[in-house]
Each structure stands twice: as C-alpha cells, then as structure tokens.
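Student: Please take a close look at one part of this model, the aromatic side chains and what lies around them. I would like the geometry with the cut-offs stated.

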Amino acid sequence: MNAKQLIFQTEDIHKATELISSRLKKPVIIENKNFELISYSSSTEEFGQIQQKTILSKKCPVFIIDRLKKEGIVQKLEKQPSPIRIDPIEELGFSQRVVMGARHLRHTMGYIWIQEANSPVLDEDLSFLEEVAPHIGKLIYDVYNKLNASDSRKDELLWKLIHQEYGSEQQLKHDATIAKLALPERFSVLIFSLTNPQQRSLLDYLEDMVNKLPERKDIYLLKTEFLVVMIVHGKREDESRVTEKARGVIEMIKDKLDTSDFYSFMIGLGKEYKQLSDVRKSFLEAFEVIETANFIEPRPETMPREFAKLGVYRYLATLYEKNSSEDYFSHDLLKLISKDHESQTDLLKTLEVYLANNGKGKQSANELFIHPNTLNYRIKQIQEITNIDFNDFNMKSYLYTELLLLNNVPAYYKRYKDAIRANIESD
C-alpha cells in the first residue's frame, strides 16, 4: 500500500504528517487557519530557524505572518488550489519552502508547510500534495471538533470566548447560564507554553498544581497539547486586583517547581479588561509576550512577562527585519564590539546595563559585579571610542533597543561580527 492510500485511511493527523514527511523526505509542519501548530514531523533537527520557533511557541512568529500577508501569500493560499513555493527571506531566517492550503467543506482549515532545505520538492510530489491536502483539511477539522467534544460545556464556551466564535453576547450569556458558567466580570489571560514539546508531562503537573491553589476559584483553566491557558478573573470594581492575582499565581508556581522545570515554560500575561469581547484581546496579548520571548531567546528574568510592560521588546522583531533587510549597523556599537574582541573588554555589556539602569552608577556596578570606579573607567572608555552622548535621550533609546537585539538574537550579533570581519579584510 503506497503513502497516499495510507494517508487517506488514517484518522490520526500526526500519523498523516509523518507519512507526508516520509514520502517527500522533507520536514513537514501542519498549522490551522490561525497559523497555530497542529502537527509536525519527528525529524525536528532538520527544521530551519523559523520552523523551530513555530514548534516552540506553537504558532508561526507574528513577524513572519505579517510579511506573508504583506506579500499577498496568505491571500493566495485562500484562493489558489495548488501549492505555492515561497522564496527564502534570509534577513528573517526564513528558508525556502512550499505551502499548500488544506481545505474542507469549501473552507481553508489550515496549511501544510514543506521545508526545501537541500533540494526542491519535485513536480510529482507537488501533485501528491494536492491530492492529499483535502484529507488533511478534514483531519484539521476533526481535531478541532474532537477538542470541543471532549471538553465540558463550560470549557467549550470559554474557548468560544477566546476565539470570538459566539454568535452574539446575548446568546453566549444564555448558554453560560444553562451551563452554570459565571462569565468573568474583570479578567486577564495568563498562558504557560512549553519550550520543549517533549516535556508534555509538565503540563499535567502544572494543571494539578493550579488545581490545588487557593486562588483556583478565581481561575478558569484550559489545556491544549502544548499550553495551559488561565483566565484569571475577579469582580468588576476590583481594578488591578486581577493582575496582582495573576502575578501571585506565577510566583507560587515558580516556588513549587524546580528552576529547570519553571524555565521550561514561556509565560505571557495579557492586560486586564472588563468587556467579554476583550477576552481574545487579552489572550493575543499574552501570546505576543510568548512569541517575543521565543524570538529573542531571553536570559531568565530579563524580559517582562506582562504585555503591559513589554515596552520596546514589542518592536524588536520589526526592527530586526528592517535593519537586516537594509543592512543597517550602528557604527558606535561596531567599534565597541571590535574593542571587546581585541582587548577582551566587556564594554558592550557594560553599556547595556548602564542604559537599562538609566545611568545609575551604583546600581549598574552592582549588577555587573564591579567596583563603581571600574564602571566609571569603562564609561569613559566608551565615550572616547564612540560618539555616544549620554545626555541624548533619543540616542540612548535607540542604542538600548539595538543592544537588546545584539545580546539576545544570535543571528543579529553575527551580522555585526561579519561586518567587522568584512571591513578588516577590505582594509
């Protein structure tokens, strides 16, 4: 029996994914229509940078989705019944691949992504993909239906809230009354997402832990294959109390988990709202925190977990794309990197900490574990080597965002190192 027949016979989307990957001899990812991860082939070491990020955060990075929309590819997928080949977007780490819309009941249910790392997908393989895509569309549809069927009525209504899939607020309130679900008056969405899909047992442990918390009565908990979603709620008049409660939940979980287990999760907290229509907004905000954490690969505790505190972190992916595509560099930072490399100094790190602490010497020195005099000497070195004006707020703001990229995105730091090397060779 050939691969196509086996795919048509299976009702397991994970098995179908492996069969497609085996037939094409290439890594495969299947996402739903919202670009959220459904399944992926087991040979994860063959995936490119962006696909690895999709697997970690369970969703295609938002800056990639925006780029695909900007170039009209998402619109093509809705209309075109055949596979689309997408050229590499090198500045975003996006390798060449083929994508095919998976349709069922005349609607796009999701997408099949095939990475073309070493060789292109052959014409006969593209035809094979066209033939099996409708069955994959049905399997995506079945996954969604099974999830709802296995959940309680309350969970189903909460998922409808999150995805804004209810007909009207009046009907939702009616259904909630029948299901004896007290809809939240004030709420914030908190998400725990696994960094490693192989550690799924941690989700069960996390769920059990939350169920034992005193605050459990104020938490609606939903679980997927890779996420625990909590709608933390309170009284309408209790402004800021819900956010404080969510912070407390994070700290209690941190206290109960081993350090390594705690940092196996990426955590995002959306803003606090009162309107039911904003449940999805808070959910997407929490997810944006997770996507940002996944993009910059932060050191523990360095990046805010709350959307309201993300600040410049929100724009790092956009800046990464813009600066990389325009081949832009800060000449001041190029000089500091060169100096650190030549003299084994630590000026780049010193500058980041000094800017992060708003020029407070004692605080910066403590964080760097150096004497204040040593800090002053380094700052003087930085001023002698560069044109940085520490009285210029705009310059300091720009430098800080550039340093966040340099120190948290390895590919971005590599750009600078390559530029220095190219400059040395040209001299």
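Tutor: Tyrosine 412 has a relative accessibility of 0%, so it counts as buried; buried means under 20% relative accessible area, exposed means over 50%, and partly exposed is the range in between, computed with a 1.4 Å probe on protein chains only. Tyrosine 416 is likewise buried, with a relative accessible area of 0%. The model is predicted: local features need pLDDT of at least 70, side-chain atom pairs count only at pLDDT 80 or more, and totals for chains, interfaces and linings use all residues. Residues are numbered from 1 along each chain as its sequence is written, and side-chain values use heavy atoms, with hydrogens and water left out.

Both tyrosines, 412 and 416, belong to helix 19 (residues 410–426) and are four residues apart, about one turn of the helix. Helices (H or I, at least four residues) and strands (E, at least two) are DSSP runs numbered from the N terminus.

Across the whole structure, a search finds ten aromatic pairs. The rings of phenylalanine 283 and phenylalanine 287 make an edge-to-face pair, because their centres are 5.7 Å apart and their planes stand at 65°. Rings of Phe, Tyr and Trp (its six-membered ring) pair if their centres lie within 6.5 Å; planes under 30 degrees apart count as stacked, over 60 as edge-to-face and the rest as tilted. The two phenylalanines, 283 and 287, are in helix 12 (residues 279–296), and because they are four residues apart, about one helical turn separates them. Phenylalanine 283 counts as buried because its relative accessibility is 4%. At 6% relative accessibility, phenylalanine 287 also counts as buried.

The pair formed by tyrosine 412 and tyrosine 416 is tilted, with 5.8 Å from centre to centre and 50° between the planes. These tyrosines belong to a cluster in which ring pairs link Phe295, Tyr320, Phe329, Tyr412 and Tyr416.

One member of that cluster, phenylalanine 329, has arginine 415 over its face, 4.3 Å from the ring centre. A charge sits over a ring if NZ of Lys or CZ of Arg is within 6 Å of the ring centre and within 35 degrees of the ring normal. Arginine 23 is placed over the face of phenylalanine 128, at 4.7 Å from the ring centre.

Helix 12 also takes part in a pocket. The second largest pocket has a volume of about 590 Å³, a volume being the space filled by probe spheres set on grid points that are joined across faces, edges and corners. On a 1 Å grid over the protein atoms alone, a cavity is a set of points where a 1.4 Å probe fits but cannot get out, while a pocket is an open set with protein on both sides within 12 Å along at least five of seven lines; lining residues have an atom within 4 Å of a point. This pocket is lined by 26 residues, and the closest to its centre are Val62, Phe63, Asp66, Glu288 and Glu291. Helix 4 (62–70), helix 12 and helix 13 (316–325) are the elements that give two or more residues to the lining. Helix 12 supplies the largest share, nine residues. By class, the lining has eleven nonpolar, four polar and eleven charged residues. Here Ala, Val, Leu, Ile, Met, Phe, Trp, Tyr, Cys and Pro count as nonpolar, Asp, Glu, Lys and Arg as charged, and the others, Gly among them, as polar.
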